[in-house]
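Thanks for coming. I will go through one model today, starting with how its helices pack and then moving to the cores and a few single residues.

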Amino acid sequence: MSSETLAKLSSPAPPADAAVPRIVPQRRIGQWIAAAVVLGLLGLAVNSVLRNDAFQWDVVVEYFTTSSVLRGLGLTLWLTALVMALGFAIGTLLAVMRLSANPVLRAVSWGYVWLFRSMPILVQLLFWFNIGALYPKVLGVKTVDLFGPVTVAIIGLTLHEAAYAAEVVRGGILSVDRGQIEAAQALGLSRLRRWRRIVLPQAMRSIVPPAGNMLIGTLKGTSIVSIIAVQDLLYSVQLVYHRTYQVIPLLLVATIWYIVVTSLLSVGQYYIERHYARGTGR
């Protein structure tokens, strides 16, 4: 017999009536009480909102899909898409300039980001809206005719978003391991191909989450253009409640539309993030 077998035979057998220890789960009474309190307060809040006649839910339903509101929503979506596309195009260029070995390009990029991140967006819009006071004519055309409210909104929002997009793209590029770029250089890939096939696909994992947040922020931030009479979603409902004095239900119309669109954008952001996160083990 082996030594292990002898050890097993010589060890005393446990008594037949030995009780098996029972695992008792830890009682978390405090967590259940807190959950019950939160659910109770949430139920009271929902009941108050739904049963309060002052919210005028019938008016919300009446105006939710009216043509004026839908036109304002369409302009909001169009403005958001255009501003994000132009902002990231300019921001990517600024990020490349910031990472350049040329000190002039780095200084210009840094100065742009510093300037436009320092100015509130409302100040920028009002500045561009009154640009005619500085330049009454541009290329022989009156500035008032050249820079309408929508054009001013596009310029102001784009320049503002480009400053933030530049930092988002720069952070994504810096997140790529330097060894990946050196390996691509060793394979003889051109600079453009290295950026297109090696750097940007990996940088997108770091770019997409803040870019998605910027997109949602831009969607909501477009409401500020109502200050310069651009007929976006908020301005459209303002025109209605200035006539009907039904302020709360019309603001609820705009709020619900913003919630619907931002929810759809959040779902899209989730799938895009999952696409670029493939192979990371997260």
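**Helix packing, cores and loops**

H5 passes H8 in a left-handed crossing. Before going further, please keep in mind that this is a predicted model. The H5 helix covers residues 103–118, and its axis lies 9 Å from that of H8, at an angle of about 125°. Angles between 115 and 145 degrees fall in the oblique class, and H5 and H8 are therefore oblique to each other. On the H5 side, the contact is made by Tyr112, Val113, Phe116 and Arg117. On the H8 side, the residues are Leu159, His160, Ala162, Ala163, Tyr164, Ala166 and Glu167. Sorted by class, that contact has eight nonpolar residues, one polar and two charged.

H8, residues 149–174, also packs against H6, residues 121–129. Here the angle is about 140°, and the axes are again given as 9 Å apart. That makes H6 oblique to H8. Which hand does the crossing of H6 and H8 have? The crossing of H6 and H8 is right-handed. H6 contributes Ile121, Gln124, Leu125, Trp128 and Phe129. These meet Pro149, Val152, Ala153, Ile155, Gly156, Leu157, Leu159 and His160 in H8. By class, the contact of H6 with H8 has 10 nonpolar and three polar residues, and no charged ones. Leu159 and His160 of H8 appear in the contact with H5, and Leu159 and His160 also appear in the contact with H6.

The next pair is H10 and H12. H10 spans residues 191–221, and the axes of H10 and H12 come within 10 Å, crossing at roughly 180°. That makes H10 roughly antiparallel to H12. The H10 residues in the contact are Pro201, Met204, Arg205, Val208, Pro209, Gly212, Asn213, Leu215, Ile216, Leu219 and Lys220. From H12 come Tyr258, Val261, Thr262, Leu265, Ser266, Gln269, Ile272, Glu273 and Tyr276. How many charged residues does the contact of H10 with H12 have? There are three charged residues, along with 12 nonpolar and five polar.

While we are on H10, consider Thr218, which is found in that helix. Is Thr218 buried or exposed? At 3% relative accessibility, Thr218 counts as buried. Leaving out residues up to four places away in sequence, Thr218 touches Thr80, Val83, Met84 and Glu161.

Now the cores. The largest nonpolar core has 18 residues, and Leu233, Val237, Leu250 and Val253 touch the most other members. The elements that give two or more residues to this core are H3 (57–63), H4 (67–98), H11 (233–244) and H12 (247–276). H12 gives the most, with seven residues. Apart from this core lies another, of 14 residues, among them Val169, Trp195, Ala203 and Met214.

What does Leu233 touch? With residues up to four places away in sequence not counted, Leu233 touches Val69, Gly72, Leu73, Thr76, Ala254, Trp257 and Tyr258. Tyr258 is also one of the H12 residues in the contact with H10.

That leaves the loops. Gln231 lies in the loop between H10 and H11. Its relative accessible area is 37%, so Gln231 is partly exposed. Gln231 touches Gly72, Leu75, Ser236 and Leu239, again not counting residues up to four places away in sequence. Gly72 is also among the residues that Leu233 touches. From Gln231 to Val59, the separation is 172 residues in sequence and 21 Å in space, C-alpha to C-alpha.

Two loop residues have a backbone angle to look at. Gln56 has a phi near 50°, a positive value in a residue other than glycine. Gln56 is found in the loop between H2, residues 29–51, and H3. With a relative accessible area of 28%, Gln56 is partly exposed.

The second is Tyr245, whose phi is positive, at about 65°, although Tyr245 is not a glycine. Where is Tyr245 found? Tyr245 sits in the loop between H11 and H12. Its relative accessibility is 68%, so Tyr245 counts as exposed.

That is the end of the talk; I will take questions.

Methods:
Residues are numbered from 1 along each chain as its sequence is written. This is a predicted model: local features need pLDDT of at least 70, side-chain atom pairs count only at pLDDT 80 or more; totals for chains, interfaces and linings use all residues. Side-chain values use heavy atoms; hydrogens and water are left out. Axes are lines fitted to C-alpha atoms, for helices over the stretch in contact, and angles run from 0 to 180 degrees between N-to-C directions. Helices (H or I, at least four residues) and strands (E, at least two) are DSSP runs, numbered from the N terminus. Angles under 35 degrees count as roughly parallel, over 145 as roughly antiparallel, 65 to 115 as roughly perpendicular and the rest as oblique. A crossing is left-handed if the near helix is turned anticlockwise from the far one by less than a right angle, and right-handed if clockwise. Contact means heavy atoms within 4.5 Å. Ala, Val, Leu, Ile, Met, Phe, Trp, Tyr, Cys and Pro count as nonpolar, Asp, Glu, Lys and Arg as charged, and the others, Gly among them, as polar. A nonpolar core is a set of buried Ala, Val, Leu, Ile, Met, Phe, Trp, Tyr and Cys residues joined through side-chain atoms within 4.5 Å. Buried means under 20% relative accessible area, exposed over 50%, partly exposed in between (1.4 Å probe, protein chains only).
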